[in-house]
Amino acid sequence: MNKIIIYMTILPGIGIFYLFMPSSLLLLLFLPKADEDLISYGAFGTLTAILFIISIAMARHRQQKKSLQMRGAWELMWRRLARNRTAMASMMVLIALIYLAILAPFITPHDPLESDWGALSQGISSTHWLGTDDMGRDIFARNLFGIRVAMGIGITAVFLNTITGTFFGIVAGYYGGRTDNVIMRLLEIWNSIPFILLAIAIMAALGTGIGKLIIIVSLSNLMAFARIIRGSVMAVKDLDYVSAARVIGISDTVIIVRHIIPNCISPILVLSSLSIGETILIIAGLSFLGLGIQPPMPSLGGMLSNGQQFLHENLLMSVVPGVTILMIVLSFNLFGDGVRDALDSRLDS
Amino acid sequence: MLNYTIRRILLLIPLLFFISAMIFGILKLTPGDPAVVLLGDRATEESIELTREKYALNKPLHIQYMKMMANFFTGELQSIYYKENVIMVVLKRMIPTLELGFTALILALVVSIPAGIISAVKRNSIFDYASMTTALFGISIPVFFTGILLIYLFAVKLRILPASGYGGSMFTLDGIRHLLMPAFVLSFTLMASTTRITRSSMLDVLKEDYVRTARAKGVKESTVILGHAFKNALMPITTNVGNQIARLFAGAVLTETVFAWPGVGRLAVNAIFRRDEPLVFGCVLILSVIYVVVNLMVDLFYGFINPRVKYE
């Protein structure tokens, strides 16, 4: 089981990375106006980069002999995680979904945006595997591209959220005193408006768009990250080795990077893996309301909202994207639970 | 306790000030002439001039903010689409939203707490597995997908419940028939997470020494579970419910959209599409106030059930 997953990730991961990463970077640099291409390649780039990092980490972790302590911690976590069958099964589902998303153009011959006017609102058939929608677009193709967008935006947003939340948490916890007070009070105010209302206000002022969507969603969970990271920073910052480092004149930045952050890795990992599922739900919800990803670009939430209008004629239009969202979020939740159990952290769901 | 309550209520004032300033600030980011934004695209030169005067738009920001709040409270702030005082427009939609929200909250608690307790007490039983699996799906399924599936089942196939809309007050038969599906859909996520947290905190508490002591004394099992264990498990449950209320708000906006429920959430979303900026301001502000007040009530309840909390 362990080996299968490593090979599933490493081999195609590296190949795809070298094949597509340069092109997606080029597109990001030179085609800033092609919104759809930009985001699909951006999502694509992010995913391949993450897979690449995972595969490198796994490969390194097998060879690395030098830093015994770090290796011990990672290996322990991985072994505990690998023993958890549910987490492993959900990880397999996620890897499979990520590959489906990345390889979408090679799996289905249909364009997600192209209408087949001769085949409106059809059921399951050999040409259109999951039928077509009211405009004759292939539901399977739209679903694959929807997964790609959802995963890309979801993971990017959680990544940004983790970085900003951790930054605030570390600054507040490490410097303490007035800095801590100001940061935490500001975050409390930010947190005292329900996220959906903030999103509505920002969308009303600035309009919709992928970039804005990512930024808004990435600010949704700041408080949870900041609060927990702050707690674990405060637990370490007065330990002897940190005081010793300070006494011999090492700068704050170096202390934070070398001594503080490694001690916060496990809550960061747990929180970010637990919040991906929820973030994808938020994005789907905003798209359902028409405030997220804009049509004609395929999005799972948008497909559901369209599907509701045609509930009488074609059930597939709503069931396919709905079940897909459920599958993605369920897998991320189960995987996140697994990571939490593996790290034996005292965080509760 | 009384002191603490009063202090918390007084603390609401600066909080509400910051919240309103933040919403005002966000809406200020709108590109274009603010007078045109407030009036809509078809405004005449004269009315634009009048609006500039009314909202002090050529004055510095803090005066604009105070003017905006003054206009909001005196009812001068008009919705572009409804051509009516924003507060009135929002308040008219408030009753359906409150009916939906409170029914969902009560439904969630009534179902999930007993389910969580039974799962914990009869651990690894069929009931435990069934309720935990359901709860896992409950936290992973999008609110609108549950809604669409229920509409398909009960309105399209079985034809026993209306697909959408509002049937009047919840104390009439038609009102209840319309309320059933949206309330269940909205409560589902909260129900799922509360069941999970009830089960896990009950399991923690049941391991404690005082529970064993109570059993050894020969206290009735039901008293042990409800009196000794549940009372102590109530704290994490309350915290969780408090944390989930923001999610309940998000769920309410989505549920109102799926079921065409005439509530404030849907009003806010529609106001964005109608480019009705004053109404967006009103909806977001009023809903935020409700959210803050509900959160305060949860905090006070927390102090009430846990006398160990220090009232600092």
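Which pattern does chain B follow when read along the sequence? In this predicted model, chain B follows the pattern α-α-α-α-α-α-α-α-α-α-α-α. The legends below begin with chain B as a whole and then turn to individual views.

**Figure 1. Overall fold of chain B, a chain of 12 helices and zero strands.** The C-alpha atoms of chain B fill a box of roughly 85 × 55 × 35 Å along the principal axes. Of the 312 residues in chain B, 37% are buried. Among contacts in chain B with a separation of 6 or more, 68% join residues that are 24 or more positions apart.

**Figure 2. The two domains of chain B.** Domain 1 of chain B covers 33-76, and domain 2 covers 89-305. Taken over C-alpha atoms, the centres of domain 1 and domain 2 of chain B are separated by 40 Å. Contact between them involves four residues of domain 1 and four residues of domain 2 of chain B. On the side of domain 1 of chain B that touches domain 2 of chain B, three residues are nonpolar, one is polar and none is charged.

**Figure 3. The contact between chain A and chain B.** Chain A contributes 34 residues to this contact, and chain B contributes 38 residues. On the side of chain A that touches chain B, the elements giving two or more residues are helix H8 (195-206), helix H12 (252-289), helix H13 (300-309) and H14 of chain A. H8(A) supplies the largest share of that side, 10 residues. What is the division by class on the side of chain A that touches chain B? The residues there comprise 25 nonpolar, nine polar and no charged.

**Figure 4. The largest nonpolar core, with 138 residues.** Residues of both chains are listed as having the most contacts inside this core: A:Ala150, A:Ala199, A:Ile200, A:Ala201, B:Val280, B:Cys283 and B:Val284. Helix H6 (residues 139-175) of chain A gives the most to the core, with 16 residues. Leaving aside neighbours within four places in sequence, A:Ala150 is in contact with A:Ile280, A:Ile283, A:Ala284, A:Ser299, A:Leu300 and A:Ile328. A second, separate core has 12 residues, including B:Ala120, B:Ile225, B:Phe230 and B:Ala233.

**Figure 5. Helix H14 (residues 316-343) of chain A.** This helix has 28 residues and reaches 40 Å from its first C-alpha to its last. That reach is close to the 40 Å expected at 1.5 Å a residue. H14(A) is mostly covered, with 21 of its 28 residues buried. H14 of chain A is also one of the elements that give two or more residues to the side of chain A that touches chain B.

**Figure 6. Helix H10 (residues 222-236) of chain A and its packing partners.** The 15 residues of H10(A) reach 21 Å from the first C-alpha to the last, close to the 21 Å expected at 1.5 Å a residue. Which residues of H10(A) are buried? They are A:Leu222, A:Phe225, A:Ala226, A:Ile228, A:Ile229, A:Arg230, A:Ser232 and A:Val233. The buried residues of H10(A) pack against H6, helix H7 (177-191) and H12 of chain A.

**Figure 7. The surroundings of B:Leu285 in helix H12 (residues 277-305) of chain B.** Is B:Leu285 buried or exposed? B:Leu285 counts as buried because it has 23 C-beta neighbours inside 10 Å, where 20 or more are required. Not counting residues up to four places away in sequence, B:Leu285 touches B:Ser20 and B:Ile23. B:Arg247 is 38 residues from B:Leu285 in sequence and 17 Å from it in space, C-alpha to C-alpha.

**Figure 8. Two loop residues of chain B with positive phi, B:Asn124 and B:Ala260.** Most residues other than glycine have a negative phi. B:Asn124, in the loop between helix H5 (86-121) and helix H6 (126-140) of chain B, has a phi near 65°. Because it has 8 C-beta neighbours inside 10 Å, B:Asn124 counts as exposed. B:Ala260 has a phi of about 45° and is found in the loop between helix H10 (221-258) and helix H11 (264-273) of chain B. With 13 C-beta neighbours inside 10 Å, B:Ala260 counts as partly exposed.

How values were computed. Residues are numbered from 1 along each chain as its sequence is written. Chains are lettered from A and ligands numbered from 1 in the order in which they are written. This is a predicted model: local features need pLDDT of at least 70, side-chain atom pairs count only at pLDDT 80 or more; totals for chains, interfaces and linings use all residues. Domain bounds come from an automatic or database domain assignment. Two residues are in contact if their C-beta atoms, placed from the backbone, lie within 7 Å. Ala, Val, Leu, Ile, Met, Phe, Trp, Tyr, Cys and Pro count as nonpolar, Asp, Glu, Lys and Arg as charged, and the others, Gly among them, as polar. Helices (H or I, at least four residues) and strands (E, at least two) are DSSP runs, numbered from the N terminus. The expected span of a helix is 1.5 Å times one less than its number of residues. A nonpolar core is a set of buried Ala, Val, Leu, Ile, Met, Phe, Trp, Tyr and Cys residues joined through C-beta atoms within 7 Å.
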